[in-house]
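Work through the exercises below with the structure open. Each task is followed by a stepwise solution.

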Amino acid sequence: MLSRRARLVLAGGATVALLAPPAWMCARSFAPPTYSVMGMGRVDFGGGPALGGHLGHTDDRWVGPARRPGDVSVADLTGPRDVRPDVSTTLVARKGPVTLATGEKVDGYSLNGSSPGPPIRARQGDVVQVRLVNANIAEGTTLHWHGVDVPNAEDGVAGVTQNAVPAGRSHVYRFVAEDAGTYWYHSHQISSEQVRDGLWGTLVVEPRGRSTYATDVVAPVHSYGGLRTVAGRTGEYRVPARPGTTARVRVIDTDNGPLRLWAGGGYRVLAVDGRDVHRPTPVHGKSVVVGAGGRVDLEVAVPASGDAVRVELGGGSAVVVGPAGSSVRRTPEPSQRLDLLSYGSPAKDDLRTAKPDRVFDYRVGRRPGFINGKPGMYWSINGRLFPDVPMYVVAEGDIVRMKIHNGSGEAHPMHLHGHHALVLSRNGVPASGSEWWVDSLNVQNGESYEVAFRADNPGLWMDHCHNLPHVNEGLMAHLMYAGVYGPYRIGDAAGSHNKPE
């Protein structure tokens, strides 16, 4: 029979054995006060050759690989600096009360005194310059050009592509508006709060030549607490238009969840995430889903009778296009959804059949664990929690395929910075319609997508869920190019926020 001392020793040993793994996991989950994203996570070469100098971990996993001779700094991957801009504006970011266009007052953030911030319009090929001034935001701020494949130094991610702009200072962004389309801009510093509370605006790049639409409507949807707005207005957003004309309605989902669009008189989907649909056909009796961060451009016809056309945005919101004083009834949401996997007609693109140089998995799940020492149920990537998230490594010129699977129980709008990806299949069913290019792909629970992209924009890029609170809970990875060095650090004296986002 064991003595009392022996029993105590055995009980103590069992307790240590039971508590040691959680204690170790808790300790490993803490991020240091400052770190480089180049050193965090697990390097993944996607089955391609390992790329020297990017082996991921040193003795201190947060330091990252050392800069090698010949490496290009993210700071040097800028837009043009020696030419006169075609579009130039200054945006002053401020924290404090904001009055919406329809008179409601909200607490939050503004750009030039309003939210959304001033709309920016450019023409394809224009050099765009935006000077961001931080008037009083103590935590710092930035601007990210959502969906615009800008050079890496212009991407606006604090601690990754620039330092956060501190209060009383400014930062200049410059890029060429190479691709026509519908985009938006928003803060990427404490984004789950700053975007939600007003630091965002719209960007439209018009194609070269004249528009074929008499009316061009930009309709961003955003919720300020319980106030749902379209273009900063509660209720209906009314836009004048002549009878018998067509209108382009650019819908932008700036919230954290998806929205559904439909029009009683039918519509065509002209573009998704800033990329044209090839040979779009009329749609009747179906809604189309826009994921968080995504954009869909619709074509609608204004009746010759003098009535208006109504684009329903769900939740009682709508864009009403027609002559002043015209009316139109609401239409109930259709029971069917438009499937963009088979919409439109194929156009030849070699990316659909090209042999990939690298193939990555991005499996989203949910499991218990610790982030920064706090226990909870967190989003996982490939079975692991932040900071052990993937660092996908590519070489410039690679053809990349990524398999995205969502088994987490919730939808996730996946957003890769700096690139557009071509949807190849969903749940094993090949795409059969127009080339479906995305930068914000809404992946429902249980869905699997395969996408492809060309590694043609060197840098260090975020690849994350655009339900922004999910980023704050660790649902983000990075895409890193060999030969690129990131000089910025999270949580350093420059004020880049010390959180996963």
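**Exercise 1. A histidine in a strand**

In this predicted model, the side chains of His 415 and His 144 form a polar contact of 3.4 Å. Place His 415 in its element, classify its burial and list its contacts beyond four places in sequence.

*Solution.*
- Step 1: find the element. His 415 belongs to strand 28.
- Step 2: classify the burial. The relative accessibility of His 415 is 1%. Buried means under 20%, so His 415 counts as buried.
- Step 3: list the contacts, leaving out residues up to four places away. Four histidines appear by name: His 144, His 146, His 464 and His 466. Two aspartates, Asp 439 and Asp 463, also touch His 415. Gly 147, Ser 440 and Met 462 complete the list.

**Exercise 2. The largest cavity**

How many cavities of 30 Å³ or more does a search of the whole structure find? Describe the lining of the largest cavity.

*Solution.*
- Step 1: count. The search returns three cavities.
- Step 2: size the largest. Its space comes to about 130 Å³.
- Step 3: identify the lining. It has 15 residues, and those closest to the cavity centre are Ile 404, Met 414, Leu 416, Ala 421 and Val 451.
- Step 4: assign elements. Strand 27 (399-406), strand 28 (412-416), strand 32 (440-443) and strand 33 (448-454) supply at least two lining residues each. Strand 28 gives the largest share, three residues. His 415 of Exercise 1 lies in strand 28 as well.
- Step 5: sort by type. The lining holds 10 nonpolar, three polar and two charged residues.

**Exercise 3. The second largest cavity**

Which residues line the second largest cavity, and how do they divide by type?

*Solution.*
- Step 1: take the volume. It is about 70 Å³.
- Step 2: read the lining along the chain. It starts with Val 272, Arg 275, Asp 276 and Val 277. Leu 340 and Tyr 343 follow. Ser 434, Glu 435, Trp 436 and Trp 437 end the list.
- Step 3: sort by type. Six are nonpolar, one is polar and three are charged.

**Exercise 4. Two charged residues**

Are Arg 426 and Glu 104 buried or partly exposed? Give the surroundings of each.

*Solution.*
- Step 1: locate Arg 426. It sits in strand 29 (residues 421-426).
- Step 2: apply the cut-off. Arg 426 has a relative accessible area of 15%, so it is buried.
- Step 3: find its partners. The side chains of Arg 426 and Asp 339 share a polar contact of 2.7 Å. Beyond four places in sequence, Arg 426 also contacts Leu 341, Trp 436, Glu 447, Ser 448 and Tyr 449. Trp 436 is one of the residues lining the second largest cavity.
- Step 4: locate Glu 104. It is in the loop between strand 3 (87-99) and strand 4 (105-111).
- Step 5: classify Glu 104. Its relative accessibility is 23%, so it counts as partly exposed.
- Step 6: find its partners. A polar contact of 2.6 Å links the side chains of Glu 104 and Thr 102. Beyond four places in sequence, Glu 104 contacts Val 98, Thr 99, Leu 227 and Thr 234.

**Exercise 5. Nonpolar cores**

Which members of the largest nonpolar core touch the most other members?

*Solution.*
- Step 1: recall the trend. Nonpolar side chains tend to be buried together in soluble globular proteins.
- Step 2: inspect the largest core. It has 100 residues, and Val 319, Val 321 and Tyr 362 touch the most other members.
- Step 3: look for another. A second, separate core has 24 residues, including Tyr 109, Ile 120, Val 128 and Trp 145.

Note on methods:
Residues are numbered from 1 along each chain as its sequence is written. This is a predicted model: local features need pLDDT of at least 70, side-chain atom pairs count only at pLDDT 80 or more; totals for chains, interfaces and linings use all residues. Side-chain values use heavy atoms; hydrogens and water are left out. On a 1 Å grid over the protein atoms alone, a cavity is a set of points where a 1.4 Å probe fits but cannot get out, and a pocket is an open set with protein on both sides within 12 Å along at least five of seven lines; lining residues have an atom within 4 Å of a point. Grid points are joined across faces, edges and corners, and a volume is the space filled by probe spheres set on the points. Ala, Val, Leu, Ile, Met, Phe, Trp, Tyr, Cys and Pro count as nonpolar, Asp, Glu, Lys and Arg as charged, and the others, Gly among them, as polar. Buried means under 20% relative accessible area, exposed over 50%, partly exposed in between (1.4 Å probe, protein chains only). A polar contact is a pair of N or O atoms within 3.5 Å; within protein, one must be able to donate a hydrogen and the other to accept it, and residues adjacent in sequence count only if both atoms are side-chain atoms. Contact means heavy atoms within 4.5 Å. A nonpolar core is a set of buried Ala, Val, Leu, Ile, Met, Phe, Trp, Tyr and Cys residues joined through side-chain atoms within 4.5 Å.
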